[in-house]
Amino acid sequence: MPNSQPVDCKNQTVQVGDIVRVITLSEDFISAFPVDERILIESMIGQFFKVIDLDEDGHPCVVREWHDERGNMQTHVIALDSEEMERI
């Protein structure tokens, strides 16, 4: 893991437990999901999430949970780059 702390789009330090707003996600990232999940991933933009961990590269991770049409819980953990988030 890198020695430097991760930062958001305003160069503010981001740590586990901080609240961040997802401000963008790359089209390449979104298009990597199955078509029926893309709208759920896109719906993260503009929403607030608690940073739950840092990945092996030091990127802050957030989690999105929802129930699919059968009522099964679906979960995605997403690591964010600096330009994709703003610490609140």
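Where is the place of Asn11 relative to strand 1? I looked this up in the model, which is a predicted one. Asn11 sits in the segment before strand 1, and that strand covers residues 19-22.

**Entry on Asn11.** I read the backbone angle next. Phi of Asn11 is near 65°, a positive value, and the residue is not a glycine. For background, I noted that most residues other than glycine have a negative phi. Then I checked whether Asn11 is buried or exposed. Its relative accessible area is 60%. The cut-off for exposed is over 50%, so Asn11 counts as exposed.

**Entry on the sheet.** I traced an open sheet of three strands, in the order 3-4-5, and its pairing is antiparallel. Which strands are at the edges? They are strand 3, residues 53-54, and strand 5, residues 73-79; each of them pairs on one side only. I then followed the contact between strand 3 and strand 4. Strand 4 spans residues 60-67, runs antiparallel to strand 3, and is joined to strand 3 by two bridges. For Asp53 I looked up the partner, and the bridge leads to Cys61 in strand 4.

**Entry on the surface patch.** I looked for the residues behind a nonpolar patch on the surface. Ile19, Phe48 and Ile88 make this patch, with an area of about 300 Å². I picked Phe48 for a closer look. Phe48 belongs to strand 2, residues 48-50. How accessible is Phe48? The relative accessibility of Phe48 is 49%. Exposed requires over 50% and buried requires under 20%, so I entered Phe48 as partly exposed.

How values were computed: Residues numbered from 1 in each chain as written. Predicted model: local features only at pLDDT ≥ 70, side-chain atom pairs only at ≥ 80, totals over all residues. Heavy atoms only, no water. Helix = DSSP H or I, 4+ residues; strand = E, 2+ residues; numbered from the N terminus. Buried < 20%, exposed > 50% of the residue type's maximum accessible area, 1.4 Å probe, protein only. Pairing = 2+ DSSP bridges. Patch = residues over 30% accessible without salt bridge, like charges linked within 9 Å, V, L, I, M, F, W, Y side chains within 5 Å. Areas by Shrake-Rupley, 256 points an atom, 1.4 Å probe, with all protein chains shown as cover. Salt bridge = Lys/Arg side-chain N within 4 Å of Asp/Glu carboxyl O.
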